[in-house]
Amino acid sequence: MDLMEKIVALCKRRGFIYPGSEIYGGLQGFWDYGPMGVALRNNLKHEWWKTMVSQRDDVVGLGPAIIMNPQVWEASGHTVAFTDPLVECKKCHHRFRDDQLVDGKCPDCGGEVTEGKTFNLLTEVYLGSTEPKQLAYLRGEITQGVFVNFKNVVDSNRVEIPFGIAQLGKAFRNEITPGNFTFRSREFEQMELEFFITPDEAEATKWFGYWKKIRKDWYESLGMNPAKLRFREHAPDERAHYAKAAEDIEYQAPFGWKEMEGVHHRGDWDLSRHHLTYQDYTPWVIETSGGVDRALLFFLIDAYFEDDKRIVLKLHPKLAPVKVAVFPLVANKPELVDKAREIYKHLKLDLDIPTAWDDRGNIGKRYYAQDEIGTPWCVTVDYQSLEDQTVTVRDRDTAVQERVAIADLDSFFLGRLK
Ligand code: GAP
């Protein structure tokens with residue numbers, strides 16, 4: 001099995017990610033997050049929001065609707081320019097983006113392909129109960145919700161340029177070739193900042209560099225291997241229709257260096273298309289646009305470790321779906337179970353630390369299961385605990401156990417989760 005197959009299997013086995021609507025054969029490009037996956041995704045989004053909104057004075061949050069008046073997409077240029085080049089193999093009739101061809105031939109059967117056609121990626125929906133129904137679109141990028149609310153935010157908040165509007169939410173693209181697990185999906189979540197500045201090249205250069213660094217540092221602060229991260233500048237002919245300049249933060253995945261997040265200089269493209277100004281000028285925008293699902297996949301790949309004894313997800317404790325697991329050494333000794341239950345409840349309810357309980361099988365199996373979901377610490381209540389009020393705390397990465405007084409557990413965990 002190659003690494004990607006192992007990760008896909010682990011995701012299914014341990015409840016991170018399942019194929020979407022699997023019992024009906026799935027649906028290409030759609031994925032469902034299981035109990036562990038949704039916890040990991042929430043943690044990732046929480047950390048992003050903290051860095052990009054809560055801890056800053058110059059960024060406010062927004063939660064716009066997914067479906068907007070279709071005129072938004074006319075104005076933003078997406079109905080015309082949000083396209084991929086599509087070709088079809090004349091032999092096997094499979095469809096591809098033309099940059100996926102191998103020497104101009106079909107990558108599946110080597111057949112000849114048709115001339116490239118442009119294919120619009122917006123997903124259409126139809127609203128209302130009377131015919132003709134109203135055509136609308138699922139948003140192809142979450143971004144436009146910010147621009148159409150620019151005036152609302154300026155009028156209802158004390159914001160002054162330079163300032164940013166940040167949001168998290170689902171986007172939809174009718175991708176021609178979804179693939180590489182969740183990497184290219186048709187439904188995915190984005191985490192974006194639109195940062196408004198005065199229209200000036202020097203300002204744009206300054207803020208572009210500033211946000212590039214903040215974003216790369218963020219991935220590294222959550223444990224991503226810096227050697228697997230790089231920036232890649234877009235050539236003029238690959239930039240999106242709105243971008244004056246664009247650089248991707250790429251991750252070295254098992255399937256090559258791949259885009260994880262884009263930093264874009266959008267100039268005044270969007271605000272001027274929506275006829276919006278600030279005081280007497282049209283601000284420029286520096287954007288940071290990351291994919292939640294892509295980042296999550298790359299965090300999983302980066303954290304995956306195996307040796308001949310175990311498989312471990314070495315996720316940063318802030319991202320780990322479960323932070324602590326509590327075990328009684330054996331399940332049939334009520335004194336051990338009661339004490340372990342007490343610790344479990346205290347951590348989970350009083351300290352609000354995501355904590356798991358396990359009293360099945362032997363300790364080795366319980367450690368194995370927690371390692372696979374990336375739980376940083378396992379607490380075991382044993383016979384010594386009844387005598388001296390200590391427990392063992394086992395570290396996921398080193399598998400080393402240390403004895404800690406029950407009275408010190410709060411500071412032990414809270415200190416490490418800060
Ligand atoms: N508002 C700018 C924008 O949407 P983008 O480069 O098209 O820019 C930003 O997308 C990020 O969204 C990408 O870097 C990627 O992480 C994520 N993304 C884009 N298309 C995706 C897809 N089909 N599946 C999963 N994530 C995707």
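This passage describes how two domains of a predicted model meet and how a ligand is held by the protein.

The domain assignment divides the protein chain into two parts. Domain 1 is made of two stretches, residues 3–65 and 140–303, whereas domain 2 covers residues 324–416. The C-alpha centres of domain 1 and domain 2 are 37 Å apart.

Contact between the domains involves 5 residues of domain 1 and 4 residues of domain 2. The size of an interface is often expressed as the accessible area lost when the parts come together. Between domain 1 and domain 2, this buried area is about 400 Å². Carbon and sulfur atoms contribute 55% of the area. On the side of domain 1, the greatest losses of area to domain 2 fall on Arg14, Phe16 and Met36, which together make up 76% of what that side buries.

Charged groups also take part in the interface, where 2 salt bridges are found between domain 1 and domain 2. Arg14 and Glu372 form a salt bridge through their side chains, with an N to O distance of 2.6 Å. The number of residue pairs in polar contact between the two domains is 2, counting pairs with both residues at pLDDT 80 or more. By residue class, the side of domain 1 that touches domain 2 consists of 3 nonpolar and 2 charged residues, with no polar ones.

The ligand has 22 residues around it, and those that come nearest are Glu141, Thr143, Glu192, Glu259 and Met260. Polar atoms of the ligand lie close to both side-chain and backbone atoms of the protein. A ligand nitrogen is 2.6 Å from an N or O atom in the side chain of Glu192. At Phe183, a polar backbone atom is 3.2 Å from a nitrogen atom of the ligand. At Gly291, the distance between a polar backbone atom and an oxygen atom of the ligand is 3.0 Å. On its own, the ligand has 550 Å² of accessible area, and the protein covers 94% of this.

Technical notes. Residues are numbered from 1 along each chain as its sequence is written. This is a predicted model: local features need pLDDT of at least 70, side-chain atom pairs count only at pLDDT 80 or more; totals for chains, interfaces and linings use all residues. Side-chain values use heavy atoms; hydrogens and water are left out. Domain bounds come from an automatic or database domain assignment. Contact means heavy atoms within 4.5 Å. Buried area is the accessible area (1.4 Å probe) that two parts lose on being put together, summed over both. A salt bridge is a side-chain nitrogen of Lys or Arg within 4 Å of a carboxyl oxygen of Asp or Glu. A polar contact is a pair of N or O atoms within 3.5 Å; within protein, one must be able to donate a hydrogen and the other to accept it, and residues adjacent in sequence count only if both atoms are side-chain atoms. Ala, Val, Leu, Ile, Met, Phe, Trp, Tyr, Cys and Pro count as nonpolar, Asp, Glu, Lys and Arg as charged, and the others, Gly among them, as polar. A residue is near a molecule or strand if one of its heavy atoms lies within 4 Å of it. Accessible areas come from the Shrake-Rupley method with a 1.4 Å probe; for residues, only the protein chains shown count as cover.
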